[in-house]
Every structure is written in C-alpha cells, then in structure tokens.
Amino acid sequence: TEGSTNVSGSPINQVTISLSEGWNLMGSLSSAFESSSIDDPEGIIISGSIYGFEGTYQSTTTLQPGKGYWINASTDGQVTLNSDSDNAARIKPFVDRTADANIIRFNGVPLYFGVTIPENELQSYELPPKPPAGASDVRFKGGWRLVRDYGELEVMNTSETLTISYDIHIELGEHFYWALISETGDEMVLDGTGEIVVPSLERFTLERKTVVP
C-alpha cells in the first residue's frame, strides 16, 4: 500500500575502498568533498583520472553525495575517501598539459592536440570506457582526449547535426596545416578559431598535413 517510512543512520565521512588496476566505478560520501583529500598511501590513483557524467564525461575534483564516478588506478590497492581536507597522504597533484594545446570541440565537448606529453603522464589523458548507447561522447581512438599530430576520432551523438569549433594556438608555419577529415572524405582546414555545423557522423580524422605545392 502507499505510505512513507523514515530511514535513519549515521553520515559516512570516511570509507576505504579496494580498486583494481584500470578503470573502476566508485561512489561518494555523505557530503561533498575534494579529490585532493582522498588518502592514497600507495600512489595508485592516476592523476586527473576522476570523471563524473552529466550528459558527457566531465573531469571533476569535487565529488558529490549520491553520485558515481570513474577512477583509474595504476595497480590493485586500497584508497580511503575522506571528507577531512587535512588528510596527509593526498593523491598526486595533477599537472594539466592541455593549457597550451590546440582545442577542438564537438557539441561543446573538448579534445586537445598538438603538444607532447611525457610518457609517464599519458594515462592522465585517458578517458573512461564509452558510455551506453543513447549518451554523447567524443574521443580519440584508444580512449584518449589528447594526441600530438594524428588521431582518429570516435563520436557518439544524439542529434542529427554536430557543432564543431576549434581554437588553434600552435602555428605550424607555411609548410604544414591542421586538417579535420570526415569519414565521407570532406576536409576542413583548422586555422585560428572557427565553428562549423555538419551532419552527424561517427568518425573523423585529425592530422597535421603537408602543404602540397
């Protein structure tokens, strides 16, 4: 029958969880807390690898109660979610290498290219597994959100069109140019800043090309 029931309990302000190597789904605590307060004594959390989902994947540093999050671990181990910001064994700080990179956005979701990342930091730019069908997602093949000078793009889109915008910070000189090529063979030269609306497609190629005389 219809009715209501009161459920009482104590707030969860700290909990130790086991992570497996690779991507894991985890919950949160009873109140919002910063990822910097996670106790990671073995240093297994890959910097910058905590993602929430609000229509698309979003890198996050503030974890909200009642939400689930993807987190990437370099090996099996345990970490402690802790709402105490004075916790000593914090996760490694994330140095974002995308600040100087070129940006291309698909329906507002950014990807980056044109910069070289130290090999020991590459995993920080890996995205979680693709979301279920019916969600939006864009990534470079292999699950990356950043490439140097070539990448195959995989797009999941829920609308009939794609809005593609770009902001080129790294100039290549007169002998090279950045190009976005659709799966139908149409080429779009990326120079300066710009925006274009195209019919929805699932695959593109982004690459640095040589100018043909």
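A salt bridge here is a side-chain nitrogen of Lys or Arg within 4 Å of a carboxyl oxygen of Asp or Glu. The model is predicted. Under that rule it holds nine salt bridges.

Start with R208 and D149. Their side chains meet in a salt bridge, with N and O 4.0 Å apart. R208 sits in strand β18, residues 203-210, while D149 sits in the loop between β12 (146-147) and β13 (150-156). The pair therefore ties together parts that are 59 residues apart in sequence. Are these two residues buried or exposed? Neither word fits: R208 is partly exposed at 39% relative accessibility. D149 is partly exposed too, with a relative accessible area of 26%.

Stay with β18 for another bridge. K209 forms a salt bridge with E187, and the closest N and O atoms are 2.9 Å apart. E187 lies in strand β16, residues 187-190, and K209 lies in strand β18. This contact therefore ties together parts that are 22 residues apart in sequence. E187 has a relative accessible area of 38% and is partly exposed. K209 is partly exposed as well, at 23%. Shared partners also matter in this model: K130, E154 and R203 are joined into one network by salt bridges.

Now place these strands in their sheet. Five strands form an open sheet, ordered β11-β13-β18-β15-β16. The pairing is antiparallel. Which strands stand at the edges? They are β11, residues 137-140, and β16, and each pairs on one side only. E187 thus belongs to an edge strand, because its strand is β16. The twist from one strand to the next averages 25 degrees.

Look closer at the β11 end of the sheet. β11 and β13 pair in the antiparallel sense over four bridges. One bridge can be followed by residue: F140 has L153 in β13 as its bridge partner.

A second sheet lies earlier in the sequence. This open sheet has four strands in the order β2-β7-β4-β5, and its pairing is antiparallel. β2 (22-26) and β5 stand at the edges. Each has a single partner strand, so one side of each is left without a neighbour in the sheet. Neighbouring strands of this sheet are turned by 30 degrees against each other on average, direction ignored.

How many bridges join β4 and β5? Three, and the two strands pair in the antiparallel sense. Within this part of the sheet, Y51 stands opposite S59 in β5.

A salt bridge also involves the loops beside these strands. E54 pairs with K67, the closest N and O atoms being 3.4 Å apart. E54 lies in the loop between β4 (45-53) and β5 (57-59). K67 lies in the loop between β6 (62-63) and β7 (69-73). The pair therefore ties together parts that are 13 residues apart in sequence. What is the relative accessible area of E54? It is 49%, and E54 counts as partly exposed because exposed means over 50%. K67 is partly exposed at 40%.

Put the pieces together. In the five-stranded sheet, β18 contributes R208 to one salt bridge and K209 to another. In the four-stranded sheet, β4 and β5 are paired strands, and the loop between them carries E54.

Terms used
Residues numbered from 1 in each chain as written. Predicted model: local features only at pLDDT ≥ 70, side-chain atom pairs only at ≥ 80, totals over all residues. Heavy atoms only, no water. Buried < 20%, exposed > 50% of the residue type's maximum accessible area, 1.4 Å probe, protein only. Pairing = 2+ DSSP bridges. Axes fitted to C-alpha atoms, helices over the stretch in contact; angles between N-to-C directions.
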